[in-house]
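Thanks for making time this morning. I have one model to go through, and I will keep to helix packing, enclosed space and backbone geometry.

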Amino acid sequence: MKLFDAHCHLQDPRIFDKAPQLIAAAVDSGVVRFAVNGVSEKDWHLVKQISESYPCVIPCFGLHPWYVVERTPNWLNTLKQFFEATPSAAVGEIGLDKGSQGKKVDFTDQVNVFRQQLEIAKELKRPASIHCVRAFGDLLQIMKSLGPFPAGVILHSYLGSAEMVPEFANLGAYFSFSGFLMSMKVHKAKRMLKMVPSERILLETDAPDALPKSELDSAHLVEGASLPEELQSIEISSAPFAGARDVSTFPKEALNHPENIHKVL
């Protein structure tokens, strides 16, 4: 079966030096494309570099809401230059975040940066990969004001409500699911999934994050990332991560491998 990892971060400093091996292993398992998303000005050149080395990588350039405060005065021009130089690139990772991490960044700033990037996606007819945490009402309002989006927008790691699915879909949204889906209550996840048209379902790993909730002996971990000392004496098959509610309860060194897209499926 051929699969497309619709959202990952192979340029992440925790795994960048292992990217060749990770890509090779995932390709051997049936993954034919990877949409690799940048998050700030500091890593856009790495995303471009990976895409030039591996034709299976779709580069995506964007300013993630967590890194809005780090932007330089020239960030928007730099971003546009990357798109001019890379016709195959999509926009991402961009978005809105009112979660614990996002609260540290002024929301008005987040909105302004997000709108500018969504306008670029619309103008250039490029897809956009969107991060949204506890801000789906704000996101829908902005998308309605700028949409629809014929080139598509990807709601990455979608954990929103079932009720909002039709409105987002009408604007051109696709719904991408990662290992975080396994942390939802089963009845809520099933109800939401049933609302998503099958042709608008995408799969992703969000690697190296979003390690799927499963026994560690059945998950693909990034080699070279060892378990913390306090967990090394535990039998891996009975490790307590199977009931994890979110990625913060996994061992910090347990990094998600792109091969785990099969577990998401």
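I will take the helices, then the cavity and a pocket, then a few backbone points. One caution before that: this is a predicted model, and everything I quote is computed from it.

Start with helix α3, residues 75-85, and helix α4, residues 107-124. Their axes come within 12 Å and cross at roughly 25°. Angles under 35 degrees count as roughly parallel, and α3 and α4 are therefore roughly parallel to each other. The crossing of this pair is right-handed. On the α3 side, the contact is made by W75, L76, L79, K80 and F83. On the α4 side, V113, Q116, Q117, I120 and L124 make it. Sorted by class, that contact has 7 nonpolar, 2 polar and 1 charged residues.

Helix α3 also packs against helix α2, which covers residues 44-53. Here the angle is about 5° and the axes are 11 Å apart. With that angle, α2 and α3 are therefore roughly parallel to each other. From α2, the residues involved are W44, H45 and K48. They meet W75, T78, L79, F82 and A85 in α3. The class count for the contact of α2 with α3 is 5 nonpolar, 2 polar and 1 charged. If you have the structure open, look at W75 and L79 of α3: both are in the contact with α4, and both are in the contact with α2.

Next along is the pairing of α4 with α5. The axes of these two come within 11 Å and cross at roughly 35°, and the crossing is right-handed. In α4, the contact residues are F107, V111, F114, R115, L118, E119 and K122. In α5 they are D138, L139, I142, M143, S145 and L146. This contact divides into 8 nonpolar, 1 polar and 4 charged residues.

Now the enclosed space. How many cavities of 30 Å³ or more does the count give? The count comes to 1, and about 40 Å³ of space lies in that largest cavity. Its lining consists of I130, H131, C132, F136, L139, L155, H156, S157 and Y158. Strand β5 and helix α5, residues 136-146, are the elements that give two or more residues to this lining. The largest share, 3 residues, comes from β5. By class, the cavity lining has 6 nonpolar, 3 polar and no charged residues. L139 links this back to the helices: L139 lines the cavity, and L139 is also among the α5 residues that meet α4.

From the cavity to an open feature, the second largest pocket. Its volume is about 390 Å³. There are 24 lining residues, and F4, A6, A35, I154 and L202 lie nearest the centre. Which strands each supply at least two residues of this lining? They are β1 at 3-8, β3 at 57-61, β4 at 90-97, β5 at 128-133, β6 at 153-155 and β8 at 201-203. By class, the lining of this pocket divides into 20 nonpolar, 3 polar and 1 charged.

Last, the backbone. As background, most residues other than glycine have a negative phi, and most peptide bonds are trans. Two peptide bonds to look at here are cis. One joins G92 and E93, with omega about 15°. E93 is found in strand β4, and β4 is one of the strands supplying the lining of the second largest pocket. The other cis bond joins A207 and P208, again with omega about 15°. P208 lies in the loop between β8 and α8, the latter being residues 229-232.

That loop between β8 and α8 also holds D206. D206 is not a glycine, yet D206 has a positive phi of about 60°. When you check the model, then, the places to visit are the G92 to E93 bond, the A207 to P208 bond and the phi of D206.

That is what I had. I am happy to take questions.

How values were computed:
Residues numbered from 1 in each chain as written. Predicted model: local features only at pLDDT ≥ 70, side-chain atom pairs only at ≥ 80, totals over all residues. Heavy atoms only, no water. 1 Å grid on protein atoms, 1.4 Å probe; cavity = no way out; pocket = protein on both sides within 12 Å on 5 of 7 lines; lining within 4 Å. Points joined across faces, edges and corners; volume = space filled by probe spheres on them. Helix = DSSP H or I, 4+ residues; strand = E, 2+ residues; numbered from the N terminus. Nonpolar A, V, L, I, M, F, W, Y, C, P; charged D, E, K, R; others polar. Axes fitted to C-alpha atoms, helices over the stretch in contact; angles between N-to-C directions. Parallel < 35°, antiparallel > 145°, perpendicular 65-115°, else oblique. Left-handed = near helix turned anticlockwise from the far one by under 90°. Contact = heavy atoms within 4.5 Å.
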